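Please examine the sequence and the model shown below. The paragraphs that follow lead from single residues to the wider architecture.

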Amino acid sequence: MGTSGSYGGSGNADWKQTHDAFDALPVAAPSGTGPQAPPDPTDVQQQLLDNILDALSTALQNDDADRGSPPAAGYPLSALLTSPRASGGGGGGAGGTHTPNGRAGAGSRRQVIKGSARGAAALAGAYALRNGDAARLQELGLHLSELRNLRPLAQISRILQTVLGDAGHPDEAALRKAATRYVKAVLLDPEPPAQQDGLRGLVTEWIYELALVELGSQKAQGNLTAQEAIAKQRLIRSWLERRLKHIGIPDTRHMTVREFSATAAEVTREALRMLRARRS
């Protein structure tokens, strides 16, 4: 399950509670093949899904280097971007040593809030390119004319590499996967998601991918087939999207990249709070 690879998981009490809640969720393996929308969960499943999201949000907040709250002054772009070309102009080539601004090793703290801001910087770059906004691309050290000379997939790769760099830790792979989904949607879809929808989707996908890192790294207490595990994942993703569907997002259309990233951090903080709150 998920993107964890050989990662052994955090193994603390918060994640054990999340894992136990995941194990308690009953689900039948899907019939047929291919992607399928999960059925509406039963009342019992809804309660168990809420238990999972409650435990998940608590674990993520307690793991987070910023304890679930961004700094009052926000993050400077230099603290979010990997490429030395970013946040200061310079050439548009791919050379240079990448300085990681994400989670780099087993002893480093998880960057839930900051990771969301980093993913949002990549997403802001995609919207800037789609809209022909040279000024916002310049914030990232990118140049509109150079990007327009690239094929779409190369544009996506350049933005992601400039902002996120290489994924040296499962959390970084999860962030890149979440960001890639929405950067692609902005640059490849005939009708890209509105900026507020894209930001909401990125935050939701980031939380989901972090869940997979941990849940996939711990031994299941029961005996699940691969199909049953996939069915559980789909239920969790669907329920997470439903719980965060109405989270408030301000109008981001005229925000700078830094403002867009700061908004993502605040939305992520609110998302974790909402997931801990019980539905009425």
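A residue counts as buried when its relative accessible area is under 20%, and as exposed when that area is over 50%. The model discussed here is predicted. By this cut-off D171 is buried, because its relative accessible area is 2%. D171 belongs to helix α7, which spans residues 170–188. Its side chain is engaged in a polar contact with the side chain of R110, at 2.8 Å. Beyond four places in sequence, the residues in contact with D171 are R103, R110, W206, L210 and V213.

R110 leads to a second aspartate, D63, in helix α2 (residues 43–63). Is D63 buried or exposed? With a relative accessible area of 12%, D63 falls under the 20% limit and is therefore buried. Although 47 residues separate D63 from R110 in sequence, their C-alpha atoms are 5.7 Å apart in space. D63 touches R110 as well as S10, N12, W15 and R109, when residues up to four places away in sequence are not counted. With one of these, W15, the D63 side chain makes a side-chain polar contact of 2.6 Å.

The wider fold may now be considered. The protein chain contains 10 helices and 0 strands. Of its 280 residues, 48% count as buried. Among contacts with a sequence separation of 6 or more, 79% join residues 24 or more positions apart.

In soluble globular proteins, nonpolar side chains tend to be buried together. In this model the largest nonpolar core has 73 residues, and L60, L187 and I207 are those with the most contacts inside it. Helix α3 (residues 112–131) gives the most to this core, with 12 residues. L187 is in contact with A126, L129, R130, I156 and I159, its neighbours within four places in sequence being left aside.

Which helices pack against α3? One is helix α6 (residues 152–163), whose axis lies 9 Å from that of α3, at an angle of about 145°. The crossing of α3 and α6 is right-handed. On the α3 side, R118, A121, A122, G125, A126 and L129 take part, and they meet Q155, I159, L160 and V163 of α6. A126 and L129 of α3 and I159 of α6 thus appear in this packing, and these three residues are also in contact with L187.

Another is helix α8 (residues 195–215), whose axis comes within 10 Å of the α3 axis and crosses it at roughly 145°. The crossing of α3 and α8 is likewise right-handed. Here α3 contributes V112, G115, S116, G119, A120, L123, Y127 and N131, while α8 contributes Q195, G198, L199, L202, V203, W206 and L210. W206 and L210, which take part in this contact, are also in contact with D171.

It remains to consider the confidence of the prediction. The mean pLDDT of the protein chain is 87, and 82% of its residues reach 70 or more. Over residues 85–98, however, the pLDDT is below 50, although the model has 32 contacts for this stretch beyond near neighbours in sequence. Residues 1–6 also stay under 50, with 17 contacts beyond four places in sequence. Where pLDDT is low, the predicted coordinates should not be read in detail.

Methods:
Residues numbered from 1 in each chain as written. Predicted model: local features only at pLDDT ≥ 70, side-chain atom pairs only at ≥ 80, totals over all residues. Heavy atoms only, no water. Helix = DSSP H or I, 4+ residues; strand = E, 2+ residues; numbered from the N terminus. Buried < 20%, exposed > 50% of the residue type's maximum accessible area, 1.4 Å probe, protein only. Polar contact = N/O pair within 3.5 Å; in protein donor to acceptor, adjacent residues only side chain to side chain. Contact = heavy atoms within 4.5 Å. Core = buried A, V, L, I, M, F, W, Y, C linked by side-chain atoms within 4.5 Å. pLDDT = per-residue confidence, 0-100. Axes fitted to C-alpha atoms, helices over the stretch in contact; angles between N-to-C directions. Left-handed = near helix turned anticlockwise from the far one by under 90°.
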